[in-house]
Each structure stands twice: as structure tokens, then as C-alpha cells.
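Dear colleague,

I am passing on the structure we spoke about, which you will find directly below. After it I have written out what I found when going through the chains, and I would be glad if you could read the notes with the model open beside them.

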Amino acid sequence: MSELLVVREISKTFDTGGCPAVDQVSFDCRKGEVLAIVGGSGSGKTTLLRIIAGLEIPDSGEIMLDGERINGQTNFLPPEKRDCTLVFQDFALFPNLTVWRNVTFGKGASEDPEGLEKLMAMAEISDLRDRYPDEISGGQQQRVALVRALATKPLLLLLDEPLSQLDPELRENVRRELLALLSESGVTTLFVSHDTEDALAMADKVVVLRDGKTEQMGTPTEAYRKPANSYVAKLFGKTNLLPADLVATGRHRFEDPEGGGELVSVRPGDWRVVDPAHDSDTPVLTGRVKSIHDRGGHREILLVGERFEVVARLPLGVESEVGDELSITC
Amino acid sequence: MKLILTSLLLGLLAGFSASAAELNVYSHRHYDSDAVLFDRFTKETGIKVNVVKGSADQLIQRLISEGKNSPADVLLTVDAGRLHRAKEAGILQPVQSKKLRQNVPASMSDPQGHWYGMTVRARVLVYSKERVKPSELTTYEDLAKPSWRGRIAVRSSSNIYNQSLLASIIAANGPDKALSWAKAVRKNMVRAPRGSDRDQARAVAAGLADVAIMNTYYLGILANSEVAEDREVAKKVSVFFPNQKGRGAHVNVSGGGVTSSSKNKKEAIQFLEFLTSPKSQNTFGEQSYEYPVKIEANRSELLESWGPFKADKVNLSILGSKNSEAVKIFDRAGWE
Amino acid sequence: MISLLSSPKTLFRNLGREFRFKLNVWTLSALVLGLLVFIPMAEVLWQLTDPAENWEHLKETVLGRYLKDSLILVAGTVFLSVAAGVSCAWLVTCCEFPGRKLFEWALVLPLAVPTFIAAYAYFDLLDMLTPLLIWVRINVGPDEMIFLSDFLVYPVTALVMASVLYPYVYLLARASFSRQGGQMIEAAQTLGYNPKSIFFRVALPLARPSIVAGASLVIMETLNDYGAVKHFGLSTFTIGIFRTWFALNDMAGALRLAAMLMLFILFLLFLERILRSGAKFDEVKNAIRPFRRYRLSVGGSILAILCCLLPLAFGFIVPLSRLCLWAGATYEKILDSTFVNLVTNSLSLAACSSVLIVAFATFLAFVGRYYRSAGVHASNRLAILGYSVPGAVVAMGILLVAGQLNVTFDVLLTGSILTLILAYLIRFLAVAWQPIDSGMEKNCDRLNEASKSLKSSAISSLVKINLPLIRSSMWAAALLVFVDTMKELPLTLILRPTNFETLSTRTFDLTSQAQIPESSVPAICIILVVVFPVIWLNRKMEARR
């Protein structure tokens, strides 16, 4: 079986309050994969991660890591005995130890000095080894925390909101570097994030959680293009939710839990402007431009019609004014 | 685990502390005269005396918990009631000796020989020379009269001396009369019981009270104090021995006995004989202002100046047997 | 902990979890050790189930008086302590007047004076009122004089106790005011409140949890006291316990009183929990910006100085001066070769106790937190109950257990230093545990999880991570225990080994032989030894702000 991690129907309720934090969540993770767990706050993603790490005990369900049952009805392997390592959101570097002592702290970390040096070089922290955590920047701290975790050569690496502590400008670069580091070391990774950009940039597979339940599983692109419901659609960025009959029948659609009928998710960038005079093989929406927002590289308009209100992205070159009539299709 | 082993070891070591030529004495008495006497004993007999000082009741409790492993040989304490209590608790063993029978009158020792009196003190009325005439005083019982309202000062009933006094009153008049006496006297007190016997004398000297109940030797201590104010207090008050036409003034002893756990019985008896010998008895009179066990044998001038008196001849072990009854009566009388 | 009790189902689930997953050498040892510490107190509580022969008698006669005196004294002392402590804390934190900086640390000094020594320093306070009483008897009547004389004991005793116990309230209120002072007061200022309204309507309610905590400390210390209450002639529960035990020779009755006292204090602690429960906002975590203190007018400054000077004078300056005067007159008599023994005994006893108790507390706190074991948490809470129990009761519990061990194993445990130190452990574990546990909570919880995830061993975490990070908390804990053991009296009196005297027992012995001036020499030694740790601890608390 090439599934490294098997999570079956894990549930956990904290005693205060009545709602389960994690509710019958199941998924698999292959060796070498990068899997993202995304959801809003309160979705249970951090709790799930901590359960996998062994820092929380679930109420029911089982987890298998590399064929070994680490969580089950009658057994529970403590974190020290699991072959997975968790990197915390705030990095949790030991403030009284130097970077070097931090990095070599874990079990087995000093067994492969060459490998460790390579890792540190890759993460560009070799020069920092004699510094203390409060003397280095946030980005450097994150890399130290990563190297510290990777140094124990875990089967599974767990990351809790790896990018949330960093400045927004840095995030794209860091995503790339992080991905490079992870694929170099070849370690199976599971990370948790509220920012779906992380999943889209780095993950092979994504699990979407809401209120402790799985909403969708699949590749990030699938979740982006073919969301299972409006929650997932909105989670992955700005989108328009329209009744299915307004758009082409080929498009992916899903149930609308509130109104009945079916909905379609159309991203602002999916629209193209058409000339109402020419025929089009896809349904055309015609409406009036209510507002225009300049977004630097493009403009966003709000188009209002009889049965719809749509946000669409206008490419440069298309002129339009408030009050104009415009036709779009997707 | 290590803790238990270490304490076991320490406990065993503690048991080995007294060797042949040593005596472990648990003493409540804190008078300087004692040190003098103990030194003299060591000089005369070569037996070293190790003294453990403590408050009397705590010493007894400790002896009880130490049980047969206790290193103590002799218990010296004040008040016949306490000595009786020690006997009841099983921490004293009966001893007999000719010298002890000679030195100590029968009423001043335990009938079975568990303890022997060493010194005597009387619990007397001390009154203000200015405001009270001796003719106004007669008996303890008289203090219950309303004419004494707000004029009496006595210490707390927690103190064993008061308990023994009440025990003697129970023995003489019965528990019901004793209860009404205690109630009335408490009502006549100028304040809730507070302080030591000497503080009651000071209250009398200060004019707060007119009469106090206290032990005789405290007056000696006051009169000979280095502190000028204390000597002034002694000058302002006088001693009155109550119940002279009846059973006599209430007396009590300080004394001692050999502990049940003692491994040096012979030396311990020697020690008691020494303390009750005439020479030692005189030292008590001179230095700690206590009457000798044979009151008539008194040689001290100060004690002579208080005058001869008739002492209550009841066997002092009754102070012990009626002690808990006395405490309960105090509780019911509201005498704190 | 509360979650443990939320429903039977979760309780069983948690218990099951506890047994299946969290039992190991560490948690088992911690559980056993914690329970061992609790056993003597449990034995005392158990006495409530035994019928005591004299209980009916006690109930009818003296129980009412013990209750009455205890309650009145506690009420008076708490009232005075809170009044002095809160007002001084407010003035010193939020107002500016000459001498403020001096008072800020000096107001803590009375903590160096044990209650029984304060009583001896003021031994003649009641006697000084004699002329008044005589005047009343002559001009009004003997009945009124008696009433007055009985009544006056309460306020005088409460005053003496409060003068050295108010620092508990002062310290906690001061910390609370300075934590929230900045933000709340500035907000209220912009809304147009004047200083008095801000004090009563903003600062006081916010500081309520700290004030309640300080007041409960005052209550516990008041109920624990033996020397002062005995001297002034009040009949509190502790006096009742001693009297029933020694005078009535009724150990069972005394234990029952002790158990009642314990129940009462547990109830108080429970009340305190409730009164403090709105207190999440008390723990403001962000750093405090300094704010501009109120500049007081000349008249206001004079009042403020007086307000701060009074407690300081009553609680420290006057007692210390009197004691120094007496010591000057009597030191030649007292300072003999045995005196050195006294000092070394006290110091080494306090030092050994500190080391042992801090190690114990660190172990218990670490195991509880590292393994997040509800069982260990529970046993820890039981183990630290000893602080709320008066020293006399702890001593009785130990004697009970030692007596039973003596009978079963024929081993003499009483009369050794070890027993005394074990008694200190039971009584003062809480004192060390609080700072260490909160230090761990603040600094180490997350790091322990990281360490576990890095598959490092528990020992490794303890030694390499926790100990270095809580070093200052451990120092604070050690000093606090040191100060408390140096000041301790009732427990030491009962359990001290053969010929082993400490400065406090010598002080007490001398006074019980009516040698009050002579007792000043060992008393001053205690104060001198303790005052420096007190000042240092105070500075540390301020530095943290």
C-alpha cells in the first residue's frame, strides 16, 4: 500500500460546548505527497493536525502511519513514539538554546551530520548556528524550525499554518522555497492553512473542512474549478454563484442547500466580453455596469442584470463606463 | 522510598542517644535554679544530664507518640494534674525508694509511686494594699459575691493552675457549687482572662483590679526582678492565704517521675532522690521562691515573710483525676 | 479540571483515557507523591467521621465562642488589611507625591515581621488603655468598664495583625493596578471621570480578583496564628484546638475542631474561586505603557504620605524600634554560645526546606503539565491544600500518621528534623508551586509539545528546556519558602526535635516565660534575615511590570 497515512473517521469533541471539533474525518495521504487541510477558523483543522501528531487524543476513529496503528480504540501512541514531527505556527524554538542546539535537539538529529549540514545549507541558515532565536528574523526562525523537524528524518512532516507569521509580501517567495525544500528532502508533508493560496501553490492534494466535517477532497485545482458546494467555492477566492441555467450546461454544478436547484461557480476571471450582436454558443448575460474598481493590473466591474449580479474582470483594452450595457459569457 | 529508609535510620539512631552514664530529662521547668541543681548532680554522681525543654503538654504528647522508643528517662513538670495525666497516659512507671518515702510527704506524691512532688506552691489571693483590707478577704468561695463585681483579675482557664484550683474546689464542694462559683467569679472579672499570673498582679497594682488569684512564687519573682516596675508592683500588693479557717489554702506541686521507656531506671531514681533531698529543697526556696515539699522545713526569708499558713491536705492526685471535669465546668461557666 | 466534572460520561472517558494512555513511571510517581503529601490532611478530615467523646460538650459550651472570636477577628483584620493595602497600592501606583518611590517598596517591609512577634512588640497596647478603663469605672460604672474592656480586645488584636498582614493585599492590588492602570485610567480620563470616581468605579472593580486573593491570604494567616491570639486572649479555632488537645487531653475533639476549621477554609477558597471567576481580564498580557500619574496637591500629598506612613509605621517602624531598644538592653544576656546554634538551626532548616520543596514542586508541576495528566493535576491540587491549613493542624496530621507508623512498624519518626521538614513540605508546597507552575505555564507548555514532537525524552525536556526557562520562578519560590519557614511558629513548636531550637521557638519560649524584652533578640534576628529576601522579591515583582 502506498498510502503512508490513513485517517479513518476521526472525531473529537472538547468537553466545553457541545459541537464536535472534528467530525468523522477520513482521508489518505500517499508517500511523498504534500497534502493541505484548509478551512476557516473553527473548522477543526488544527485540532486534526494535533490529533495526528499525538498531542490530542481523539474520541473515536483510527489512524495508521506506515501500516502501524498509532491511534485506535485501545491504543494511543504518544507523540514521542510516532514517526511524525510537528512544526508549530509560532515555531516554538527553544529561546535559551542556540540555533545549532535547537536544530540538533530532536532524537536522531545528530546521527547524520553531513545530511544536517546539507539541510541547513539548503535552508540558508548555516551562518546562524550560534545565534539565539530572538536574534534572527521571522523567516529565518521558520526555516530553523523546519530544519529542526526535518533533522529527525520523520516519515511524516506536519506544519501548522506555516506562512501565517510572515509578512504578506514574502509569502509567495517563501511558498516556492518551502516547496523546493520539501521536494528536495522528499518527506511526506501535511500542512494546515486558512489561506487557500498556500494549497494552490504547494499541495498535491487538499482536504477542505468546515465545522469539523470534510466538504471536499481532491487536487487544489479541482477544488478551485469544481467546488463541491458554495462554501468551498468561496473559500478558494472570489467567485460568483449563479443559478445553473444562466450558464453553459457543460460547466460543473452543485446543489444549492438553501434554495434547491443547482448553482455554478464562475470566477471573475472566467468571463469574456462578447458582442451581443454575434451569436454565441454559450448563454450570454447582458446587464448594466454598476461600478468599476481599478485593481492595478485589471479592472473589476459589477454587472447587474435581471436575475444576476456578477463581478467580472475586465481585461485592459476593454473600455467601459458606469451605466454602460455590457454582455459577457463564460 | 529513600525517605522512609533515611527516617528509619534516623529513628534508630535517635534511639541510641542515651548511653549508660547519661540521663535524658524532659523538663517543663525553666527556672535557672534547675541548671544549678543539675550541675551539682553531675558533679556528685558523674551522671550527665541532658535536658529537653518544652511546654509541658507538648512534652507529654511527644512522650505518648514516642511510645516505648522514647529516649527520655525522667519527666519533670509542674502541677499534680499534669503528673496524673502523664500517669494515665502510661508514660510513667511506678518506682519506690526509701529515700523518696522519707523526702516526700504522702499527700504530695502518687499513691502508687508514679510521680513524686519536688516543690510546693500555693495559689493565693493577691490584693491591693491601698484599696482592700485583709479583713475583707476570707475564702475563694467568697469571691463569688456581687460586692466583688469588676474587681477581680485571674488568668485563663487553659492554665493548669486554675484547673487544679477548681479541681480542689470540686473535691471540697461538689461540681454544682463549683460551677456556680466559676460563673460568678467570671462575671466579677474586670476583663476577659488574659496574660500570665504576673500580669494579673500588674493589673492590681495599676488600679484596674483589686484582687488577683496567683501562685506564690511569682510574687517572689516580681519582688526580686531586675525591672524596676516589677518591684514597684510587688510593693503595692500583699499576700492573703484563703480558707484558713476551713480546709486550707490550695497548694500544688511541681514534680517528676521515671518514664516507662527509661533504660536507666536506677540513675533516674537517684536523680529524683537528689532533687527531693533537703539540700536541694533549700536551693528551691532561695532561688525559685518555691516552698519545699515539706512546707514546714522552709528556710527562705522571703517565704517566711508571707507568713505561715494552713495548706489543703487533700491528696494531690485528685487534682489530676478531677482535671477534665474542671475544664468542662470552666467551659460551661464561660471562663475562657 | 472543570471539564473533568462536566458529565459522568466524559468523566469516565477521561478516567479511562488517563489509565490507558497516561500511566507511566513519571505520572505514577507524581500521583503517589502528591497523595502522600495530602494524607496527613486527609487523616484530619477523616476524624469528622469518628465520634468524639466530648463533641457534645464542645458544641454546647465553647464552639460558639471559637466561631465568634474567629469570625470577628478575621473580619476586623481583613477589613483593616484591605483598607490599608488597597489605598496604599492605589496611591503608590497611580498618584505622584513626594516619597512615592520610597513607599512603593517600603510598604512591603512588614511582611518580614511574623504575627506573633508583632503581638509581643505591642504587648502592652491593651494595658495602655487601663487609665481609660479606670476612668470609665469611676464615672460611668463597672458594668460599662467590663464591656469596654472585653470589646477593646478585638480591634486592638485586629489592628496588630492587620499591620503586618496588609502587605498581602498591598502586593496583589499593586500588581493589579499597575497592570491595568494605564489603559483603563486613560480611557476613563478621556471620558471625563475624576480621580475618585475612577478609583471606585473603574480601578476597584477591576482589581477585585487580586483583592479577593490577598484577602484570603490574610484570612488564612489570621486563622493560622497562635502566638498573637494567645497573647491578647482571644479564643479562635487554633486556640481552641490547642486547648482541647492539651487542656482537655482530647485529641479526637481537637482533631474535630481542626477538621471543621479545614472545611471552613476550603469553603472560603471555594468562595474565593467564585468571586474571582470573572477574572479573565485580570491577566492582561501586553506590556504596560507607563501613564501619567496624578499629581497631588500639597494637601493631597500630605494626606497621601500620612496614609502610607501609618501602615508602615504600625507594621514595621514601631515594632522594630521597640525590639531594637529591648535588644540593646538585653543582648548580653541572650547572646551566648548557644545562640549561634539557634541561628544556624533556623538558617539550615529553612535552606534545606527550600531546596526540597522547590524540587518537589518543580517535579509535580512538570509532570502535570508535560503529560497533561488530569490525575496528576488533581493530586497536585490536593497536595497544595496544606497552605490553607493552619500549622497546628498539619502538625497534628503528621503526629497522627507518625503514631500509626510507630504502632505498625515500630519506627520512631517524630522528633527528627526530617519529620519537621516533611511537615514544612506539606504546609508550604503551595508557596513554591504557584510561581513555578505559572512560570511553566507561561514559558514552557508550547515548548514541551515541540520537544515531544521531536521525540525527545521527558528528562531532556525538563533539564534542557524547562529548568533554564523557569530559573527566576524557582528562585522566587525558594525565597518565598525560606521566608515562610523562618517565620513559622506553631508547627515548629509541636514537631521540633530533641534540643533543637530555632529563632522562632526561642522567641516564643522566652515570651511564655514572661521575658518579653529578652525575646527581642531572636525576634530581631528573624526580621533581619527575612527582610532582605522580602525586599529582593519585591524588586523582582516590580521589575516584571
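In chain A of this predicted model, four strands form an open sheet in the order S2-S1-S4-S5, and their pairing is antiparallel. The edges of this sheet are strand S2 (22-30) and strand S5 (68-71) of chain A, each of which pairs on one side only, and from one strand to the next the twist averages 20°. Within the sheet, strand S1 (residues 3-12) of chain A and strand S4 (residues 60-65) of chain A run antiparallel and are joined by five bridges; if you would like a place to start looking, A:Val6 stands opposite A:Met64 in S4(A). As a general point, the strands of a sheet pair through backbone hydrogen bonds, in either a parallel or an antiparallel manner.

Turning to how the chains meet, two pairs of chains touch, and of these the pair with the most contacts is B and C. Chain A and chain B, by contrast, do not touch, and their nearest C-alpha atoms are 29 Å apart. The contact between chains B and C takes 38 residues from chain B and 38 residues from chain C. On the side of chain B that touches chain C, the elements that give two or more residues are helix H1 (2-15), helix H3 (56-66), helix H8 (197-206) and helix H15 (323-333) of chain B, and H1(B) gives the most, with seven residues. By class, that side of chain B is made up of ten nonpolar, 16 polar and twelve charged residues.

Chain B also has an internal division that you may want to follow on the model. Domain 1 of chain B covers 18-120 + 253-297, while domain 2 covers 121-249 + 314-333, and the C-alpha centres of these two domains of chain B lie 27 Å apart. Their contact takes 18 residues from domain 1 of chain B and 16 residues from domain 2 of chain B. On the domain 1 side of that contact, helix H4 (80-88) and strand S5 (116-128) of chain B are the elements that give two or more residues, with the largest share, six residues, coming from H4(B). The residues on this side of domain 1 of chain B divide into eight nonpolar, five polar and five charged.

With best wishes

Technical notes. Residues numbered from 1 in each chain as written. Chains lettered and ligands numbered in written order. Predicted model: local features only at pLDDT ≥ 70, side-chain atom pairs only at ≥ 80, totals over all residues. Domains from an automatic or database assignment. Contact = placed C-beta atoms within 7 Å. Nonpolar A, V, L, I, M, F, W, Y, C, P; charged D, E, K, R; others polar. Pairing = 2+ DSSP bridges. Axes fitted to C-alpha atoms, helices over the stretch in contact; angles between N-to-C directions.
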